[in-house]
Amino acid sequence: MKNILIIGSTGQIGSELALCLRSRYGNENVVVGYIKGAEPSGELLESGPAEEADITNASQIAATVKKYKIDTVYNMAALLSATAEAKPQMAWHIGLGGLFNVLEIARELKCAVFTPSSIGAFGHNTPKDKTPQDTVQRPQTMYGVTKVAGELLGDYYFKRFGVDTRSVRFPGLISHVAHPGGGTTDYAVEIYYAAVKGETFKCPLQAGTFMDMMYMPDALDAAIDLMEANPDRLVHRNSFNVTSMSIEPEMLCSAIREHIPDFKMEYCPDPVRQAIADSWPNSIDDTCAKEEWGWNPKYNLKSTTENMLEELKKKLSVNGL
Ligand code: AKB
């Protein structure tokens, strides 16, 4: 029997992960952790337990872990890359200070821990194409610094204390439930909203800026499948490269035009996001994830686009454009 706490459960990944885990392990066995100002609502609130669980407040997290006899923590709290550049001190406090709190609690109370890393853990001098699993990681953003340090800390707690830490390097995640907010890859979500609303999309990245992306259902499978994987097969732990597609803005625009032929996009590059994107890989190699725990994404650009447009049409016709 699993008892799971999700920290940061009202964010882009957490809000969908929580419902997915509840349908798998039972509603009562998945606690939705939130911070003040980002309280859960609707199905997330009504379908199971919810507790305030601020990652920077170790005693609050420990109390929740004890109260619900938690054995697995999904730590989804973080500032995304562009916001982290605007608020580097806060990014460190949440990303690294918060992770340290979680790992210490996991060590004392014997929990497994999932913490996402990112393609942001790579930098300018990392090989750009088919970036290997084990390679140079010298990012120059605070987001990247916290992600690399987080990977190392996860491996340290596994090797030194036997804490079952596991992680994937997520690419940009495309989804239609909760907005990402503050990421470099957010454009790949915003473009679909603009298309469905009939607006011209102002793209913050230049044409030809390739980055890896993934549709949310695959990202949820990645997190859950890795946490359920046989530990004997894991050569790596923190963190696995995972990807579904390597794309750039023109490719997204063309995929949308297959469904909405008069969709328009113009380029208005944001220098902060462009600089971050230029330091990230064009594509990463996820062979180790495939070999060690059977990673197998189901969505490509075509099927992601079909599903995103269908879901957003439903969502925006209910909520108004
Ligand atoms: C971001 O753009 O900051 C994130 C990421 C790729 O880690 N979506």
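These questions and answers cover the cavities and the two domains of a predicted model.

Reader: What makes the space found in a search of the whole structure a cavity?

Author: A cavity is a set of points where a 1.4 Å probe fits but cannot get out. The search finds two cavities of 30 Å³ or more. The largest has a volume of about 170 Å³. The second largest holds about 40 Å³ of space.

Reader: How do you know that a residue lines the largest cavity?

Author: A lining residue has an atom within 4 Å of a cavity point. For the largest cavity, 19 residues line the space. Of these, G95, T115, P116, T146 and K147 lie nearest its centre.

Reader: Which helix gives the most to that lining?

Author: That is α6, with five residues. Both α5 (88-109) and α6 (142-161) supply at least two residues each.

Reader: What makes a residue of that lining polar, nonpolar or charged?

Author: Its residue type decides. Pro counts as nonpolar and Lys as charged, while Gly is among the polar ones. P116 is in the lining, so P116 is nonpolar. K147 is in the lining too, so K147 is charged. G95 also lines the cavity, so G95 is polar. The whole lining has eight nonpolar, nine polar and two charged residues.

Reader: Which residues line the second largest cavity?

Author: L99, L103, V113, T115, G150, G154, T165, R166 and N238 do. Here α5, α6 and β7 (165-166) each supply at least two residues. By class, three are nonpolar, five are polar and one is charged. Arg counts as charged. R166 is in the list, so R166 is charged.

Reader: Where do the two domains run along the chain?

Author: Domain 1 covers 4-171 + 215-241, and domain 2 covers 172-213 + 245-316. These bounds come from the domain assignment. The contact takes 44 residues from domain 1 and 43 residues from domain 2. Taken over C-alpha atoms, the domain centres are 22 Å apart.

Reader: How many Å² are buried between domain 1 and domain 2?

Author: The buried area is about 3600 Å². Carbon and sulfur atoms give 60% of that area.

Reader: Why is the meeting of D221 and K298 called a salt bridge?

Author: The rule asks for a side-chain nitrogen of Lys or Arg within 4 Å of a carboxyl oxygen of Asp or Glu. D221 and K298 meet at 3.2 Å, N to O. The pair is within the cut-off, so the name applies.

Reader: How many salt bridges does the rule find across the interface of domain 1 and domain 2?

Author: The rule finds one there.

Key. Residues numbered from 1 in each chain as written. Predicted model: local features only at pLDDT ≥ 70, side-chain atom pairs only at ≥ 80, totals over all residues. Heavy atoms only, no water. 1 Å grid on protein atoms, 1.4 Å probe; cavity = no way out; pocket = protein on both sides within 12 Å on 5 of 7 lines; lining within 4 Å. Points joined across faces, edges and corners; volume = space filled by probe spheres on them. Helix = DSSP H or I, 4+ residues; strand = E, 2+ residues; numbered from the N terminus. Domains from an automatic or database assignment. Contact = heavy atoms within 4.5 Å. Buried area = accessible area lost by both parts, 1.4 Å probe.
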